[in-house]
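Here's a quick tour of two spots worth a look in this one. Pull up the viewer and follow along.

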2 protein chains.
Amino acid sequence: MIELNVALGERSYPILIGRGLLGDCEPLQRLAAGRQVAIVTDSNVATLHGPAIRQLLAGHAAALIEVVMPAGEAHKTFDSLNLIFDALLESRFDRGALLVAVGGGVVGDMAGFAAAVYQRGIDFVQVPTTLLAQVDSSVGGKTGINHPLGKNMIGAFHQPRLVLIDVDTLMTLPERELSAGLAEVIKHGAIADAAYFDGIERDMPALRARDARALIDAVARSCEIKASVVERDEREGGLRAILNFGHTFGHAIEAGLGYGEWLHGEAVGAGMVMAADLSHRLGLIDAGILKRLQSLVVAAGLPMRGPAWPSTRYVELMSVDKKAERGTPRFVLLERLGGARVQRVPDEPLLATLAACTSVSTSVTPSA
Amino acid sequence: MIELNVALGERSYPILIGRGLLGDCEPLQRLAAGRQVAIVTDSNVATLHGPAIRQLLAGHAAALIEVVMPAGEAHKTFDSLNLIFDALLESRFDRGALLVAVGGGVVGDMAGFAAAVYQRGIDFVQVPTTLLAQVDSSVGGKTGINHPLGKNMIGAFHQPRLVLIDVDTLMTLPERELSAGLAEVIKHGAIADAAYFDGIERDMPALRARDARALIDAVARSCEIKASVVERDEREGGLRAILNFGHTFGHAIEAGLGYGEWLHGEAVGAGMVMAADLSHRLGLIDAGILKRLQSLVVAAGLPMRGPAWPSTRYVELMSVDKKAERGTPRFVLLERLGGARVQRVPDEPLLATLAACTSVSTSVTPSA
């Protein structure tokens, strides 16, 4: 088992990464001891991992309930959130209660937001069961729900007390979701660590074959990078925005298609290629790096082009992005392999990128 | 103008108290300068004070919108909250936006919560226009909405950047709401400052006659007391709970009658008498202090008895109180005039208090 620490003063917490942790994890049992505990999961995950997590906590928690939400990004709404509030209040859970989020990013974001605002804040634990959640959303304390006019528009910064990552949960993950998680892995290499990017290129076949060692290494390095950025900028004052590489385009794709049509990681895959293309047009990176990123996105099984909408539609969708200032979107650009920055961009190269990186088909089948 | 400061490190903020501030307040204009600003108010307050606050901000804000919510505690729901989110998103308000809450506690709590979670947190200003909000809810950063199973169950701690208190707004306040605000004034004296309690007894006729000097003095002293408690316990780890004197009983009354039937301050008025009665039964205060509190509650125009429900109903309603631990409510008790503490209470004196302090009529007409 690998143990990392996210150093945020009194809000610091450990990340545990390994195999078989859902069956044997004393730190979680200790945290749950004698408390009211609510497992929050979704209809898919409840079947796969519900029994294991219940068995892990039974006999330790003073009271144990399970809240099962409808699965999917389309349900990342206040109505789903309210299912959690209803269950907690019906069971008289108080401010000392602990919420354990078991599932992908949607479950983690919603359960984390529920914990952030239930009785003005209770403790929670992240048990991410998708690669995307393991390498990205479970670490850093961003929580929230969607609004019809924008993704994650309603939310809070609320750090978990513990993140528990069992890579065995990835063995049952659908192929498409594994690829979606690899988008964030690629992202971490691209924005922060060229040597890691090299390693991802080398290990991509092993990662897609779900080699446990390759998965643990990638999850651990990605969590380290994410934790390091979050430690320096917990509330996204500046630096943290580089984690949104590929996300300004990606969010536009998700919002335009309707949440859930493409997976978040798929939109980020195409979005990273678009952001790298834009970086190249602005003279920040050479064509070789753009090509390597394109190839790695394709090798991960991800789409490398966005839907073929008019550029005005992309611009419109991007103007409500959270990084926007007064409706003008800012972009995370690569300044080299392993380094990124955030800036506004002139219209001309942006329109050229939108023309070059969008395709007639909106299928998620990679074009390679 | 009196200026107080709430000292919370990087979350510190000033409280400005005086007359005519809605017409002339340079600190608010400076804070709003060049920003997207949303005035949030309700249908009653918009008519009374909307024009003044719009005029104050026009020409300073880069963009100015007004969100008018339905008035009343019954509307302190997610649906009302969503009106704010819809308006902010439709106007493309970004993370640099400023929200200005103008109204009573319901508006302040909801607008504050909207600011706490819109794009994971934006700045806001409290402009309380009821006495209750001026002496209590606008200071301290508690925000939230109600749930059918409990009051303020969903919320956040989110400090305002500025609190602007213009006592001229109290001149149009309905009599009943003025009395409701006096409940919290009495509370501050009872739990924290015996000399202030003496002063409230002396000034009660002037306060009810809306003498501006008496109102400014009471608002300022109450804000000082509240700020001092909040400074020592921002997130209600312990001490801050004493501000809930009268509230465990009061919340039960509000929840049992349906929110909005009694005003919050009315429920707190009866709740304080019940809590003082309980304190007396437990031997903490003598009958003279109990009598003085009862008389002051009556002099303020507040009910001194709760509805005549069976004690089991009160106990049931109190078990979901946020101060409850595993369903066992804790009570804020007076240990002397000007001092309070929080503790659990045996059944016998609690049942005796419930029998002694509830009446057949649920009318809010004071029984004296």
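## A bent helix in chain B

Start with α2(B), which bends by about 60 degrees at His49(B). A proline, Pro51(B), comes along within four residues of that bend. Keep in mind that this is a predicted model.

Helix α2 of chain B covers residues 43-57, 15 residues in total. From first C-alpha to last it reaches 19 Å, close to the 21 Å expected at 1.5 Å a residue. Just after α2(B) sits Gly59(B), with a positive phi near 85 degrees.

## What packs around it

Which residues of α2(B) are buried? They are Val45(B), Ala46(B), His49(B), Ile53(B), Leu56(B) and Leu57(B), so His49(B) is both a buried residue and the site of the bend.

The cover over these buried residues includes both helices and strands of chain B. On the helix side there are α1 (26-32) and α4 (105-117); the strands include β3 (36-42), β4 (63-69), β5 (98-103) and β6 (123-128).

## Two domains in chain A

Over in chain A, the split is into domain 1 (2-172) and domain 2 (175-359). Their C-alpha centres lie 26 Å apart, and the contact takes 30 residues from domain 1 of chain A and 30 residues from domain 2 of chain A.

On the domain 1 side of that contact, β1 (2-6), β2 (13-18), α5 (131-137) and β8 (150-157) of chain A each supply at least two residues. The largest share, 5 residues, comes from α5(A). By class, this side of domain 1 of chain A has 18 nonpolar, 8 polar and 4 charged residues.

Definitions and conventions. Residues numbered from 1 in each chain as written. Chains lettered and ligands numbered in written order. Predicted model: local features only at pLDDT ≥ 70, side-chain atom pairs only at ≥ 80, totals over all residues. Expected span 1.5 Å × (residues − 1). Bend = angle between axes of the 7 residues up to and from the residue. Buried ≥ 20, exposed ≤ 12 C-beta atoms within 10 Å, placed from the backbone. Contact = placed C-beta atoms within 7 Å. Domains from an automatic or database assignment. Nonpolar A, V, L, I, M, F, W, Y, C, P; charged D, E, K, R; others polar.
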